[in-house]
Amino acid sequence: MIQAWTDLSILVGPSELAGHGKNVTLAVECAPLDKTNFQSAGYVELPGGSKSGTLSLDFMQDMAAAGPDDSLWDLLGDSGVPKSLCTPSADGSVAYLCAGVPVSYKPIDGSSGELAMAAVSLKSSGVIARGRLLHPGATARTSSSTGTGRQLGAVAAGKSLYAALHVVEVSGTTPSLTVKVQSDDNSGFTSATDRITFTAATARTFQWSSVAGAITDDYWRITYTISGTGPSFKFAVTAGIV
């Protein structure tokens, strides 16, 4: 189905940047390796080498506390920052996710009297996975619950399921959020198995984790436990198999 880009989720570390974004590009490439030799019949032979990706975003700047500048300035050069690009932003949407390094940040870009713009560029570090948004971050959650199961597929030997947690908003007294990724062989999750348990989050944060195959279960979901006095969390989880 042909789309117009009107609804995305752009998650970088502990920030949802789609509400500020004006232009986004995700480019994934494979480095060619030249194995041309004297028996190549006069043609270049190029097997595929290492893969890498770049996420570039132009956005409307916001200097408020917990705004884009507040987060991105501290993340520059951090190699473990998960990023997730989801289209659209609804539960179960296609998601591209990876850990990466913010390598370039332009905090101020604009002319007098025009929108205050900024730009960030992030390079992947490790795998880039195509998967699903297992939990969207637009709605505040105040009590423990379980996400919708998605058929991401089994994890073959030599592959892994990767998951990113983006906690973008937190309030309450001593709030705590523990998120688990579970698998099962059926959509009803009658015998769910915990595969990833993220460290309990008590503030805006991000985490990147994985579980290695072989795993024959092909359905995946999250479950989360929230505690504290008046706790409220906005968080997103993406997952994919590579």
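Student: Before we start, what counts as a nonpolar core here?
Tutor: A nonpolar core is a set of buried Ala, Val, Leu, Ile, Met, Phe, Trp, Tyr and Cys residues joined through side-chain atoms within 4.5 Å. Keep in mind that this is a predicted model.

Student: Okay, so how many residues are in the largest nonpolar core?
Tutor: It has 22 residues. Those with the most contacts inside it are Leu161, Leu177, Val179, Val181, Ile222 and Phe235.

Student: Which elements give two or more residues to this core?
Tutor: Strand E9 (160–184) and strand E12 (219–241) do. The largest share, eight residues, comes from E12.

Student: Let's pick Val181. What does Val181 touch, skipping residues up to four places away in sequence?
Tutor: Its partners include Leu161, Ala163, Ile196, Phe198, Trp220 and Ile222. Thr193, Asp194, Arg195 and Arg221 are also among the residues Val181 touches.

Student: And what's in the second, separate core?
Tutor: That one has 15 residues, including Leu17, Leu55, Phe59 and Leu75.

Student: Switching to Leu115, where is it?
Tutor: Leu115 is in the loop between strand E6 (94–109) and strand E7 (117–135). Its C-alpha atom is 9.8 Å from that of Phe59, and the two residues are 56 residues apart along the chain. Beyond its neighbours within four places in sequence, Leu115 contacts Met60, Asp109 and Gly110.

Student: Now the surface. Which residues make the nonpolar patch?
Tutor: Leu26, Val28 and Tyr96 make a patch of about 230 Å². Leu26 is part of strand E3 (residues 21–32).

Student: Why does Leu26 count as partly exposed?
Tutor: Because its relative accessibility is 31%, and partly exposed covers what lies between under 20% for buried and over 50% for exposed.

Notes: Residues numbered from 1 in each chain as written. Predicted model: local features only at pLDDT ≥ 70, side-chain atom pairs only at ≥ 80, totals over all residues. Heavy atoms only, no water. Patch = residues over 30% accessible without salt bridge, like charges linked within 9 Å, V, L, I, M, F, W, Y side chains within 5 Å. Areas by Shrake-Rupley, 256 points an atom, 1.4 Å probe, with all protein chains shown as cover. Salt bridge = Lys/Arg side-chain N within 4 Å of Asp/Glu carboxyl O. Helix = DSSP H or I, 4+ residues; strand = E, 2+ residues; numbered from the N terminus. Buried < 20%, exposed > 50% of the residue type's maximum accessible area, 1.4 Å probe, protein only. Contact = heavy atoms within 4.5 Å.
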